[in-house]
Amino acid sequence: MEFKDNIPIYLQIEQYLYRQIALGKMKAGEKIPSVRKLALELTVNVNTVQRALQEMNTQGILYTKRGEGNFVTEDTELLSKTKQSLINNELDEFVQNMEKLGVKQDELVSTLTDYLEHSEDHNE
C-alpha cells in the first residue's frame, strides 16, 4: 500500500479496511487480521494500525472480543451506509477532478456515458 503524504496514515488504513469490507474481502462477523499482521502487511507502526482500529471500533464498524481480536460488525445496515459513504467520496473526488478539467456538472452524465460506451468497445 502506498501512502499519501497529505493524509494521516491511520486514516488511510481505515479507508483501506473500509474498502476491503465494502468489496467483501472482509465479511460481516469475520475476524480481521491481527494488529501485528496488518502492521507487517502495510509496513507501518503497530500503534498506527491500533489507532485506525480504535477509530473503527468507535464508529461501530469493528468490535473486539477480548482475547480473540477484532471482528467486522454484523450490522448490515451500517455496512451498507459505510459502502455508500465510500461511493459518495469517490463521486465527490471524480466531480471535483472533472471540474478542474473544465467539465461542467451538466456535462458530467453525457461525458461519463460517452466514456462508458467507448470503453465497452475496448473491453470486448
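**Around Asn70 and a pair of rings**

Let's start with Asn70, which is buried because its relative accessible area is 12%, below the 20% cut-off for that label. Keep in mind as you look around that this is a predicted model. To find Asn70, go to strand E2, which covers residues 69-72.

So who keeps Asn70 company? Setting aside the neighbours within four places in sequence, Asn70 is in contact with Glu30, Lys31, Ile32, Leu53, Asn57, Tyr63 and Thr64. Two residues in that list also meet Asn70 through polar contacts between side chains. One of these contacts, with Thr64, spans 2.7 Å, and another, with Asn57, spans 3.2 Å.

Tyr63, one of the contacts of Asn70, takes us on to the aromatic rings. The structure holds one aromatic pair. Its members are Tyr63 and Phe71, with 5.7 Å from centre to centre and 20° between the planes. The pair counts as stacked because the angle between the planes is under 30 degrees.

Are these two rings buried or exposed? Phe71 is buried, as its relative accessibility is just 7%. Tyr63 is partly exposed, with a relative accessible area of 25%, because that value falls between the 20% and 50% cut-offs.

Phe71 has another partner to look for: Lys65 lies over the face of its ring, 4.6 Å from the ring centre. You can spot a similar arrangement at Tyr10, where Arg51 lies over the face of the ring at 3.8 Å from the centre.

Key:
Residues are numbered from 1 along each chain as its sequence is written. This is a predicted model: local features need pLDDT of at least 70, side-chain atom pairs count only at pLDDT 80 or more; totals for chains, interfaces and linings use all residues. Side-chain values use heavy atoms; hydrogens and water are left out. Helices (H or I, at least four residues) and strands (E, at least two) are DSSP runs, numbered from the N terminus. Buried means under 20% relative accessible area, exposed over 50%, partly exposed in between (1.4 Å probe, protein chains only). A polar contact is a pair of N or O atoms within 3.5 Å; within protein, one must be able to donate a hydrogen and the other to accept it, and residues adjacent in sequence count only if both atoms are side-chain atoms. Contact means heavy atoms within 4.5 Å. Rings of Phe, Tyr and Trp (its six-membered ring) pair if their centres lie within 6.5 Å; planes under 30 degrees apart count as stacked, over 60 as edge-to-face and the rest as tilted. A charge sits over a ring if NZ of Lys or CZ of Arg is within 6 Å of the ring centre and within 35 degrees of the ring normal.
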